[in-house]
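Okay, thanks for coming, everyone. I've got one structure to walk you through today, so let's get it up on the screen.

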Amino acid sequence: MTILLSTLNARYTHASLGLRYLLANMGSFKDQTRIQEFVIGAKTTDVVEKLLSYEPKVIGFGVYIWNVDETTKVVAMLKRVAPHVTIVLGGPEVSFEPGEQCIVQLADYLVTGWGDVTFPKLCGEIINGPKPLMKIHAGMQPPLPEITMPYALYSDEDIAHRTLYVEASRGCPFKCEFCLSSLDKTAWPFPLDAFLAEMESLHARGARLFKFVDRTFNLNIKTSLKIMQFFLDKLEANPDDPVYAHFELVPDHLPEALKETIAKFPPGALQFEIGIQSFNPEVQALVSRRQDNAKAADNIRWLCTESHAHLHVDLIAGLPGEDVASFARGFNQLVALKPHEIQFGILKRLRGTPIIRHTEGFGMVFDSYAPYTILATNLVDFPTMQRLVRFARYWDLVANSGRFANTIEYMLGDAPFENFMAFSDWIYTKTDATHRIALERLAKLVAEWLQVTGMTKAEATALVASDYAGRVDTPAEKQAAAVVAPMRQARHLAA
């Protein structure tokens, strides 16, 4: 008899932290429980066949916004070919508004919220009886010291080939209405010494790439400093075998002690993900986001000029109360700060988030299918929103990819949003596509656009040729020199 824990990850390089937490806390059922991960895009029949090959009694699925549609198909097929297998769902996508979801109707049980304690208890009742009468079970939230950490369950293959997700805390004290973390009461820390001991063990096994999923890494500066010092010590002891760490940073909270520590990290060792989301104070107030914009801008500027950290800064288009002109001003302000990447996101209505309260007042229309992307507001109509969606995709291909580092600066000029939007509109008319544009073709299109905007053919060709994208046919050994980031950082950025 086997209990399976399964999910469909967005990519192979993403190892499910949630499943490993469940396995670590299975208690007496741990020896008969195993993890079986898949990647979205897998054939449904292949997934079902693989799952059933273990002859499971119970299958628990982690359900997220990116895999709900495919997981629904898997569960539906399982119920047709193996109705004797008990299906238990969990994860953020099914923890809210469950009554509306087909996948919940198909499954036998649902655990909402935290599953560390509740899922093992439910499995015991399913296997040993009496079987629960209630379908939906609210996850119990234990004190964090009572939760067994899962890091020993990362395999050697995970360590060698995948991003390792870790967390020093859970929860978030902020109430940004577009984020599920707004439903948390606060942030809860894991015992720091025990957590660092787990990181020490991972490092000793060869782990060098650590992605922290904490929402508020730098709120408790004493904890932040101790964790960063852990990585600095590893870098000092083994400069030829460096670690790489990714943290989510609150943008307006960067005291001098933290700056001093950040400044010690060498290139290629540190990445910060920073959520700005909007620079419009009225929009921030509407979505309950507290942010000192001036301080946030100063901190991003300092990080860009005084540290070697790689900065990935987020903006969200489609927020209530924000029109295109307002978003453009924020985008241009962020470009002027020169972060390495600007993640141009489109608002999504995550199930359970309070953003729904603005639907009527701001004419917010969301796609009814995952990932529930905003389609229009009273200030941004559907055609304009689609232009923004295409802008975001082309921005990833041209700006965030790093393949047009010299060319993008010229393309943006003194009006980055307006100039790139013009390029986005033009390239869409030329290709009628936002995906599957080969790099060589993209480089030629960028060179053509430069000519449309006033460059001679020779100048445009020379500028694009100065970038990696313009040397796509260069032998591999010469291309390698163009990759500035160390291999582990490059792998993480690609993920």
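Let me start with a quick one: which residue in β10 does L164 stand opposite? That would be F210. Before going on, please keep in mind that this is a predicted model.

So, where does that pair sit? L164 belongs to β7, which covers 164-166, and F210 belongs to β10, residues 209-212. Those two strands pair in the parallel sense, over three bridges. They're part of an open sheet of six strands, and if you read across it the order is β7-β10-β11-β12-β13-β14, with parallel pairing. β7 is one edge strand and β14, at 341-346, is the other, each pairing on one side only. On average, neighbouring strands in the sheet are turned by 25 degrees against each other, direction ignored.

Let's step across it. From β10 to β11 we again have three bridges, and the strands run parallel. If you want a residue to click on, take L209, whose bridge partner in β11 is Y244. Then β11 and β12 pair in the parallel sense too, this time over five bridges. There, F247 stands opposite F272 in β12.

Something also packs on this sheet, namely helix α11, residues 293-306. That helix touches β11, β12 and β13, and its direction makes about 155 degrees with that of β12.

Now, how covered are these strands? In β11, five of the six residues are buried. In β12, it's eight of eight. Here's a bit of background: in a regular strand, side chains alternate between the two faces of the sheet. Look at β12 with that in mind. L270, F272, I274 and I276 point one way, while Q271, E273, G275 and Q277 point the other way, and all of them are buried. Yes, that list does have E273 and two glutamines in it.

Okay, on to the core. Which residues have the most contacts inside the largest nonpolar core? They're F195 and F272, in a core of 115 residues. The helix that gives the most to this core is α13, residues 382-400, with nine residues. There's also a second, separate core of 26 residues, and Y54, A82, V94 and A370 are among them.

Let me stay with A82 for a second. You'll find A82 in the loop between α3 and β4. A82 has a relative accessible area of 2%, so it counts as buried.

Back to F195. Leaving aside neighbours within four places in sequence, F195 is in contact with M149, Y151, V166, E167, A168, F212 and I227. F195 also belongs to an aromatic cluster, where ring pairs link Y151, Y154, F195, F210, F212, F217, F230, F231, F247 and F272. So our opening residue F210 shows up there, along with the F247 and F272 that stand opposite each other in the sheet.

The count of aromatic pairs comes to 30. Here's one I'd like to show you: the ring centres of W395 and F420 are 5.0 Å apart with planes at 80 degrees, so that's an edge-to-face pair. W395 is in helix α13 and F420 in helix α15, so the pair ties together parts that are 25 residues apart in sequence. Both residues are buried.

Rings have charged company too. R170 lies over the face of W114, 4.6 Å from the ring centre, and R390 lies over the face of Y428, at 4.0 Å.

While we're on charged residues, is K234 buried or exposed? K234 sits in helix α8, residues 221-237. Its relative accessibility is 13%, and the cut-off for buried is under 20%, so K234 counts as buried. Not counting residues up to four places away in sequence, K234 touches E200, H203 and V243.

Last stop is helix α1, residues 17-24. Why call it largely enclosed by the rest of the structure? Because seven of its eight residues are buried. Those are L17, L19, R20, Y21, L22, L23 and A24. They pack against β1, β2, α5, α6, β7 and β8. And β7 takes us back to the edge of the sheet, where we came in.

That's me done, so go ahead with questions.

Technical notes
Residues are numbered from 1 along each chain as its sequence is written. This is a predicted model: local features need pLDDT of at least 70, side-chain atom pairs count only at pLDDT 80 or more; totals for chains, interfaces and linings use all residues. Side-chain values use heavy atoms; hydrogens and water are left out. A nonpolar core is a set of buried Ala, Val, Leu, Ile, Met, Phe, Trp, Tyr and Cys residues joined through side-chain atoms within 4.5 Å. Buried means under 20% relative accessible area, exposed over 50%, partly exposed in between (1.4 Å probe, protein chains only). Helices (H or I, at least four residues) and strands (E, at least two) are DSSP runs, numbered from the N terminus. Contact means heavy atoms within 4.5 Å. Two strands pair if DSSP finds at least two bridges between them. Axes are lines fitted to C-alpha atoms, for helices over the stretch in contact, and angles run from 0 to 180 degrees between N-to-C directions. Rings of Phe, Tyr and Trp (its six-membered ring) pair if their centres lie within 6.5 Å; planes under 30 degrees apart count as stacked, over 60 as edge-to-face and the rest as tilted. A charge sits over a ring if NZ of Lys or CZ of Arg is within 6 Å of the ring centre and within 35 degrees of the ring normal.
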